[in-house]
Amino acid sequence: MRHDGRVSEDRADDPPAETSSVPAPNETADSQVTDNDNAESRLPKPLKTRLLIVIAAVILVFDLVTKIVVVHYVKPGNPIEVFGDVVTLRLVRNPGAAFSMATGMTWLLTVVAVAVVIGVIKIGRTLRSPWWALGLGLVLGGALGNLIDRFFRAPGPFQGHVVDFVSVGWWPVFNVADSSIVCGAILLVVLSLFGFEPNGERVTKSSSDAAGEADK
């Protein structure tokens, strides 16, 4: 009842007015941004094959140029001092592997180098990690540099001696390709130990695996 004696049309038990279920413009925009971010995160990373090829090509050219220059200017048995007797340019014809190892297995080292090149190229076709591209590029460029020596230098194909010229103290004489292969291999081992995969993802141990290893 109202104070003037009339009956009020408003009732206490009337249900409240329904609120609109249409989302606000800002909520719609935020949800679309979230969906777009999730979609982008699910997209595969771009291939790094071109990066691998570029790195390998740079190493290969650098290795070939330095060998040509050393063969032309450095005479066997007449080293050129760079930093006294510690670092010298010393021309050595190496029938073995890196750092003058396995000198009597030239043909086998050639076959191994060919297998390494094929393996790196196969992995590189699906490569999505820039760090793996760097490591594999170093290995590929170095392997190709020494492989060219195996095929085109004396005494003949599959038996060619690799040109080594960098002498540092007591360390065996090496070249650009040798150092590139070693650095690339070390980088690949480190990446594998820390769980970095060639596809650009990182594999981490689950808590259950970590607990299992701790119990052993």
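**Close-ups of a predicted model**

**View 1. What H5 leans on.** In this predicted model, the buried residues of H5 pack against H2, H4 and strand E3 (162-168). Which residues of H5 are buried? Leucine turns up at Leu-187, Leu-188 and Leu-191, and the list also takes in Val-176, Ala-177, Asp-178, Ser-180 and Gly-184.

**View 2. H5 from end to end.** Helix H5 covers residues 176-193. With 18 residues at 1.5 Å apiece, H5 should span 26 Å, and because its end C-alpha atoms sit 26 Å apart, the expected and modelled lengths agree.

**View 3. H2 against H4.** Two of the partners of H5's buried residues, H2 and H4, also pack on one another: helix H2 (residues 49-73) meets helix H4 (residues 130-152) at an angle of about 35 degrees. Their axes lie 7 Å apart, and the crossing is right-handed. What kinds of residues make up the contact of H2 with H4? There are 15 nonpolar residues, alongside 5 polar and 3 charged ones.

**View 4. The whole chain, for context.** Zoom out and the chain shows 6 helices and 3 strands. Its pattern along the sequence reads α-α-β-β-α-α-β-α-α. Of the 216 residues in the chain, 29% are buried. Take the contacts between residues at least 6 apart in sequence: 67% of them join residues at least 24 apart. As for the outside, the chain exposes about 14600 Å², with carbon and sulfur atoms supplying 64% of that area.

Terms used
Residues are numbered from 1 along each chain as its sequence is written. This is a predicted model: local features need pLDDT of at least 70, side-chain atom pairs count only at pLDDT 80 or more; totals for chains, interfaces and linings use all residues. Side-chain values use heavy atoms; hydrogens and water are left out. Axes are lines fitted to C-alpha atoms, for helices over the stretch in contact, and angles run from 0 to 180 degrees between N-to-C directions. Helices (H or I, at least four residues) and strands (E, at least two) are DSSP runs, numbered from the N terminus. A crossing is left-handed if the near helix is turned anticlockwise from the far one by less than a right angle, and right-handed if clockwise. Ala, Val, Leu, Ile, Met, Phe, Trp, Tyr, Cys and Pro count as nonpolar, Asp, Glu, Lys and Arg as charged, and the others, Gly among them, as polar. Buried means under 20% relative accessible area, exposed over 50%, partly exposed in between (1.4 Å probe, protein chains only). Contact means heavy atoms within 4.5 Å. Accessible areas come from the Shrake-Rupley method with a 1.4 Å probe; for residues, only the protein chains shown count as cover. The expected span of a helix is 1.5 Å times one less than its number of residues.
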